[in-house]
Amino acid sequence: MLRVMSRRGDDRVTWDEQKALAGDPEAIAAVREAERIFTQERTKGATGFRVEPGKPTQRIEHFDPTAEQIVMVPRVVGG
Amino acid sequence: MSFITQVLTTLGWIVVALAISPMVWLIIQPYYKGWSRAERRAADLLRDTLTPEQFRQLVWRGYLEVPSPTEPQRVYRVPRTKGYVQVIENGRAIMRLCVQPVECLPDADVVVLHKLMIEANEENYLQKANKYVCID
């Protein structure tokens with residue numbers, strides 16, 4: 001799942017990795033859409049984090065369809 | 001005599017009500033604030049990201065403590081609502097940090113943002129923050 005933080009809370013895109021690997025067109029489209037959003041947010045300065053229960057949080061530079069959950073955080077500045 | 005007893009009983013109930021009202025407010029506040037859709041979604045993400053223990057700490061103490069991944073004696077104290085992040089080293093507050101997202105986010109999302117950045121991007125987080133050193 002890709003979760004993008006915004007003023008609306010967070011927008012979510014989900015995909016089924018197994019179905020995508022099996023060639024399911026809908027699952028592949030969902031993965032592509034998530035990747036497009038990830039890249040678009042990165043261009044705006046957002047940072048992606050791979051967040052999985054029981055594992056250390058990991059910053060990621062590229063979209064990873066095998067991730068259980070990716071959280072996109074908007075650019076931050078000193079206040 | 002019965003009038004005095006009644007007055008004392010009423011005063012006793014007022015004292016009890018005043019004593020428990022902050023606790024009741026702490027319990028219902030997340031639900032009250034979570035009425036809006038954005039707050040509710042942000043609260044979902046917060047619950048998914050924190051352990052039950054961390055979530056309890058945030059609700060009851062009003063802050064979340066995030067240990068530094070690089071400095072074992074350092075802890076970041078992230079407030080539940082808007083405010084400075086305190087840097088605690090060896091139990092003493094040494095610095096306050098001000099970091100905010102460029103986009104307006106619900107409070108719960110801001111807590112998650114701090115947590116993720118500290119845990120996986122601490123160097124960049126500290127670079128971006130405005131720092132206010134605490135002097136005794």
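Hi everyone, this is a short walk through a structure with a chain A and a chain B, starting with chain B, then the contact between the chains, and ending in the core. Please keep in mind that what you see is a predicted model.

Let's begin with chain B. Its secondary structure comes to four helices and five strands. If you follow the chain from the N terminus, the elements come in the order α-α-α-β-β-β-β-α-β. Now look at the overall outline: the C-alpha trace spans about 70 × 40 × 25 Å along its principal axes. The radius of gyration of chain B is 20 Å, while a compact globule of 136 residues would have one near 14 Å. Of those 136 residues, 26% count as buried. And if we take the contacts in chain B between residues at least 6 apart in sequence, 50% of them join residues at least 24 apart.

Two spots in chain B are worth a stop. One is helix α2(B), residues 37-49. This helix has 13 residues and reaches 18 Å from its first C-alpha to its last, close to the 18 Å expected at 1.5 Å a residue. Its buried residues are R41(B), A42(B), A43(B), L45(B), L46(B) and T49(B).

The other spot is N90(B), in the loop between β3 and β4 of chain B. N90(B) is not a glycine, and yet it has a positive phi of about 50°. Is N90(B) buried or exposed? It counts as exposed, because it has 8 C-beta neighbours inside 10 Å.

Now for the place where the chains meet. Here 22 residues of chain A are in contact with 26 residues of chain B. Which strands of chain A supply at least two residues each to that side? They are β1, β2, β3, β4, β5 and β6. By type, the residues on this side of chain A divide into nine nonpolar, seven polar and six charged. There is strand pairing across the chains too: β6(A) and β4(B) pair in the antiparallel sense, over three bridges. To find the place on your screen, look for G78(A), which stands opposite V99(B).

Let's move to β1(A), residues 2-6. Five of its five residues are buried, so this strand is largely enclosed by the rest of the structure. L2(A), V4(A) and S6(A) point one way, R3(A) and M5(A) point the other way, and all are buried. What does β1(A) pair with? With β2(A) it runs antiparallel, joined by five bridges, and the two form a hairpin with two residues between them. Within that pairing, M5(A) has D10(A) as its bridge partner. With β5(A), the pairing is parallel, over three bridges, and there L2(A) stands opposite I70(A).

That brings us to the core. In soluble globular proteins, nonpolar side chains tend to be buried together. In our model, the largest nonpolar core has 41 residues. Which of them touch the most other members? They are M72(A), V73(A), V111(B), L113(B) and L116(B), so to speak a list from both chains. Helix α4(B), residues 107-128, gives the most to this core, with 10 residues. As for M72(A), leaving out residues up to four places away in sequence, it touches L2(A), R3(A), V4(A), M5(A), F38(A), E41(A), A46(A) and G48(A). Four of those names, L2(A), R3(A), V4(A) and M5(A), came up a moment ago in β1(A). Thanks for listening!

Notes
Residues numbered from 1 in each chain as written. Chains lettered and ligands numbered in written order. Predicted model: local features only at pLDDT ≥ 70, side-chain atom pairs only at ≥ 80, totals over all residues. Contact = placed C-beta atoms within 7 Å. Nonpolar A, V, L, I, M, F, W, Y, C, P; charged D, E, K, R; others polar. Pairing = 2+ DSSP bridges. Core = buried A, V, L, I, M, F, W, Y, C linked by C-beta atoms within 7 Å. Buried ≥ 20, exposed ≤ 12 C-beta atoms within 10 Å, placed from the backbone. Expected span 1.5 Å × (residues − 1). Rg over C-alpha atoms; globule rule 2.2 N^0.38 Å.
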